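Here are my notes on the model, set out as numbered points. Please read them with the structure open.

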Amino acid sequence: MTAKLIDGKAFAATVREKVASHVTRLKEDHGITPGLAVVLVGEDPASQVYVRSKGKQTTEAGMNSYEHKMDADTTEADLLAVIDALNTDPAVHGILVQLPLPGHLNEDLIINSIAPEKDVDGFHISNVGLLGTGQKSMVPCTPLGCLMMLRDHHGSLSGMNAVVIGRSNIVGKPMAQLLLGDSCTVTIAHSRTKDLPGVVKQADIVVAAVGRPEMVPGDWIKEGATVIDVGINRIERDGKNKLVGDVDFESAAKVAGAITPVPGGVGPMTIACLLANTVTACCRANGLAEPEGLTA
Ligand code: NDP
């Protein structure tokens, strides 16, 4: 079997188009422009690249982008004051604090100071609780992107066996909650899981979010399963710097029914879902109907 390629780059472009057309309607029909504020503390090069890309895609979708760059030695009080101002600013519908924060800042405290309805990353403890209890919440972007791709490929996920490898708060756990919400039978695997190959072999859907290059080989995968590879790992191969996932693409693609590549799979969906969450937050703030197909 040769797997169908799930093209995250193309799918993300369709999500961005949906976002942009909803933004146009919000502007024309209601005079509202959604706004996303991104707060970056310090000069981490990777974070600077992400923030630039987020700002560019936000404005390309017709939304307002607000960037707050703060020095690496910013105090907790100063950062909290900026978030407080954004929480009460009616032009700002989404707030994202770029992680990781410098070590002297308490990440949990900072994230939980964001107004939950503007928490477009879905990391606030209220949103975690709402998602866990099946209530309307802001959903973390990467798992939301995975869910959208799975729904697009399968239609209904009801009754499918899903194995999520990884139990982080930003990917593994919310991914499992979303799959449960779509009536999958969900197993969460992690570093202490016994017989991981045997566990993965039971899965109709495998989501790998580990951070170990090509850890999941094709012979762990059930014939015809759908494989979503969240991992982003830089490796040296043949003297070249290469980006690979947590799944060994070559061998897995021979067994799986469908698979996401790295790069060009889950990665592009993450920022697209950030834009989607911002529009959703804006609609909710204004008591308007949410865009269809852009929420969980
Ligand atoms: P974390 O490091 O927070 O979590 C990794 C998880 O993998 C942990 O739960 C850990 O288990 C588990 N794990 C580690 N080793 C093994 C093993 N040998 N067998 C089974 N499970 C194992 O990572 P994240 O969730 O933040 O990210 C995971 C990957 O996804 C990374 O490559 C990251 O770069 C990528 N990523 C990609 C995004 C995108 O936009 N495409 C966005 C976010 C992340 P335990 O809890 O027991 O330690």
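1. The 6-strand sheet. One sheet in this model, which is predicted, is open and has 6 strands in the order S1-S11-S8-S7-S5-S6, with parallel pairing. Its edges are strand S1 (4–5) and strand S6 (185–189), each of which pairs on one side only.

2. Pairing and packing in that sheet. Strand S7 (residues 205–208) and strand S8 (residues 226–229) run parallel and are joined by 4 bridges. Within this part of the sheet, Val206 stands opposite Val227 in S8. Helix H7 (residues 172–181) packs on the sheet and touches strand S5 (161–165), S6 and S7. The direction of H7 makes about 170 degrees with that of S5.

3. The 3-strand sheet. A further open sheet has 3 strands in the order S3-S2-S4, and the pairing here is parallel. Strand S3 (64–70) and strand S4 (94–97) are the edge strands, each pairing on one side only. From one strand to the next, the twist averages 15 degrees.

4. Pairing and packing in the 3-strand sheet. Strand S2 (residues 35–41) is joined to S4 by 4 bridges, and these two strands run parallel. Ala37 stands opposite Ile95 in S4. Helix H2 (residues 45–60) packs on this sheet, with contacts to S2, S3 and S4. Between the direction of H2 and that of S3 the angle is about 160 degrees.

5. The ligand shell. How many residues surround the ligand, and which are the closest? There are 22, and the closest are Arg167, Ser168, Ser191, Arg212 and Thr270. By class, the shell has 10 nonpolar, 10 polar and 2 charged residues. Helix H10 (residues 266–285) gives the most to this shell, with 3 residues.

6. Polar contacts to the ligand. A polar side-chain atom of Arg167 lies 2.7 Å from an oxygen atom of the ligand. For Thr270, an N or O atom in the side chain is 2.7 Å from a ligand oxygen atom. Ile232 takes part through its backbone: an N or O atom there lies 3.1 Å from an oxygen atom of the ligand. Taken alone, the ligand exposes 930 Å², and the protein buries 70% of that.

7. Cis peptide bonds. Most residues other than glycine have a negative phi, and most peptide bonds are trans. Which peptide bonds should be looked at with that in mind? The bond from Leu99 to Pro100 is cis, with omega near 0 degrees. Pro100 sits in the loop between S4 and helix H4 (107–111), and S4 is an edge strand of the 3-strand sheet. The bond from Val262 to Pro263 is also cis, again with omega near 0 degrees. Pro263 is in the loop between strand S11 (258–259) and H10, and H10 is the helix that gives the most to the ligand shell.

8. A positive phi. Asp195 is not a glycine, yet its phi is positive, at about 50 degrees. Where is Asp195 placed? It is in the loop between S6 and helix H8 (196–201). S6 is an edge strand of the 6-strand sheet.

Definitions and conventions:
Residues are numbered from 1 along each chain as its sequence is written. This is a predicted model: local features need pLDDT of at least 70, side-chain atom pairs count only at pLDDT 80 or more; totals for chains, interfaces and linings use all residues. Side-chain values use heavy atoms; hydrogens and water are left out. A residue is near a molecule or strand if one of its heavy atoms lies within 4 Å of it. A polar contact is a pair of N or O atoms within 3.5 Å; within protein, one must be able to donate a hydrogen and the other to accept it, and residues adjacent in sequence count only if both atoms are side-chain atoms. Accessible areas come from the Shrake-Rupley method with a 1.4 Å probe; for residues, only the protein chains shown count as cover. Ala, Val, Leu, Ile, Met, Phe, Trp, Tyr, Cys and Pro count as nonpolar, Asp, Glu, Lys and Arg as charged, and the others, Gly among them, as polar. Two strands pair if DSSP finds at least two bridges between them. Axes are lines fitted to C-alpha atoms, for helices over the stretch in contact, and angles run from 0 to 180 degrees between N-to-C directions. Contact means heavy atoms within 4.5 Å.
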